[in-house]
Amino acid sequence: MNINEIAKLAGVSRATVSRYLNNGYVSEEKKERIRKIIEETGYQPSSSAQTLRSKKTNFIGVIIPKINSDSISRMVSGISSTLAGAGYQMLLACTHNHEKEELRFLNLFKENHVDGVILLGTIFTAEHRKVLKSLSVPIVILSQYLSGYSCVYSDDYRAAYDLTSYLAGTGTRIGYLGVTEKDEAVGKERLRGVREALQDNHQTLPDEYIRECMFDMESGAAQAKALLADVPDIDTVICATDTIAAGALQFLKSAGKRVPEDIQIAGIGDSSLSRVTEPSLTTVHLYYEEAGTEAARLLFDLIQNGEAAIQKEVKLDCKLIVQGSTRGGEQL
């Protein structure tokens, strides 16, 4: 069954059927005849032909650094539900935290004509900026700020500042398990928040009180062990993520430390993991699913309005969640 046969059965011209399929003007009488024939025959327009006509694929490329992450899965959930509601499909690409893979997928999406891209980037090199500039489709940066692009990101500085300010009231020797400062948000901004909150509370964060971790529990445990070996009288450990904090907590308990009596510990992210540890982790809630939803909405605006669209930067708030891993820990 093709468009010519539909036209013949409906008693209309091929051009009329074409206008009907592309939402053009067709009289109600002819529209009903065409609709009835299509319904009876089960005719489906060619998706490739529609793409050629409209220059739209209804595919959105989404690039993420890893899959097994509570925060990323929540952002992807927000993206997915919003895309589906607008008739788009998601093409998900995982880079496994390799920046070269980010570049490869950006180029791949550029060559395969998606309607837009959402990038959950971690590190933006000169090569990243070059590839981003070469994209002919709209892009939204999610979970990081990048000047010149529409972005949706959490207030990572405020999350770390508020958490540290709270803990500075019950701890005096405070250590930090962070990640590489090449990561602008989780690395640099959260460390800046910790440092400035301690400074405002008349405390310091000596270099020997800082350890750099990977984004996993094993690294959190290993670096907590190294920190405790170098600073045995430490009484508070702040972690850049809940996953790192869960690993550190596991080590501290195995080392015979009472949490929070001997050492209090906290993370950032309000992940499901923070609620199943014993004790539950004090953390900071970040609005990850809402961030994914907002990123998809910004992308729709860029797609629909083209060059007339306004670049927007959306910074989302955060909320301190006090639980059992810190002294005086009660749910706020």
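**Close-up 1. Pro260 sits in the loop between helix H11 (242-254) and E9.** This is a predicted model, and here is a spot where its backbone does something worth a look. Val259 and Pro260 are joined by a cis peptide bond, and omega there comes out at about 15 degrees.

**Close-up 2. The loop between E9 and E10 holds another cis bond, at Pro279.** Going from Glu278 to Pro279, the peptide bond is cis, and its omega is near 0 degrees. Pro279 itself belongs to the loop that links E9 and E10.

**Close-up 3. Asp270 and Ser271 share the loop between strand E9 (264-266) and strand E10 (283-286).** Start with Asp270: its phi is near 50 degrees, which is a positive value in a residue other than glycine. Is Asp270 buried or exposed? With a relative accessible area of 12%, Asp270 counts as buried. Now step along to Ser271, which is buried too, with a relative accessible area of 8%. And what does Ser271 touch, once residues up to four places away in sequence are set aside? Its partners are Asp70, Arg74 and Asp242.

**Close-up 4. Asn97 has a positive phi without being a glycine.** The value is about 60 degrees. You'll find Asn97 in the loop that runs between E2 and helix H6 (99-111). Asn97 is partly exposed, since its relative accessible area of 41% falls between the 20% limit for buried and the 50% limit for exposed.

**Close-up 5. Tyr88 and Phe300 form a stacked pair of rings.** Searching the whole structure turns up three aromatic pairs, and this is one of them. Their ring centres are 5.3 Å apart and the planes meet at 20 degrees; planes under 30 degrees apart count as stacked, so that is the label this pair gets. Where do the two residues come from? Tyr88 lies in the loop between helix H5 (70-85) and strand E2 (89-94), while Phe300 is part of helix H12 (residues 288-305), so the pair ties together parts that are 212 residues apart in sequence. Both partners are tucked away: Tyr88 is buried at a relative accessible area of 16%, and Phe300 is buried at 11%.

**Close-up 6. The charged end of Arg104 sits over the ring of Phe105.** Look for the spot where a charge and a ring meet: the distance from that charged end to the ring centre is 4.6 Å.

**Close-up 7. Helices H1 and H2 cross each other.** H1 covers residues 3-10 and H2 covers residues 14-21. Their axes come within 8 Å and cross at roughly 105 degrees, so the two helices are roughly perpendicular to each other. On the H1 side, Ile3, Asn4, Ile6 and Ala7 make the contact; on the H2 side, the job falls to Arg14, Val17, Ser18 and Leu21. Sorted by type, the residues of this contact are five nonpolar, two polar and one charged.

**Close-up 8. Leu228 is a buried residue of helix H10 (residues 217-230).** Its relative accessible area is 13%. Which residues does Leu228 contact, leaving aside its neighbours within four places in sequence? They are Ile234, Phe251, Leu252, Lys257 and Ile263. For a sense of distance, try Thr57: Leu228 and Thr57 are 171 residues apart in sequence and 54 Å apart in space, C-alpha to C-alpha.

Definitions and conventions. Residues are numbered from 1 along each chain as its sequence is written. This is a predicted model: local features need pLDDT of at least 70, side-chain atom pairs count only at pLDDT 80 or more; totals for chains, interfaces and linings use all residues. Side-chain values use heavy atoms; hydrogens and water are left out. Axes are lines fitted to C-alpha atoms, for helices over the stretch in contact, and angles run from 0 to 180 degrees between N-to-C directions. Helices (H or I, at least four residues) and strands (E, at least two) are DSSP runs, numbered from the N terminus. Angles under 35 degrees count as roughly parallel, over 145 as roughly antiparallel, 65 to 115 as roughly perpendicular and the rest as oblique. Contact means heavy atoms within 4.5 Å. Ala, Val, Leu, Ile, Met, Phe, Trp, Tyr, Cys and Pro count as nonpolar, Asp, Glu, Lys and Arg as charged, and the others, Gly among them, as polar. Rings of Phe, Tyr and Trp (its six-membered ring) pair if their centres lie within 6.5 Å; planes under 30 degrees apart count as stacked, over 60 as edge-to-face and the rest as tilted. Buried means under 20% relative accessible area, exposed over 50%, partly exposed in between (1.4 Å probe, protein chains only). A charge sits over a ring if NZ of Lys or CZ of Arg is within 6 Å of the ring centre and within 35 degrees of the ring normal.
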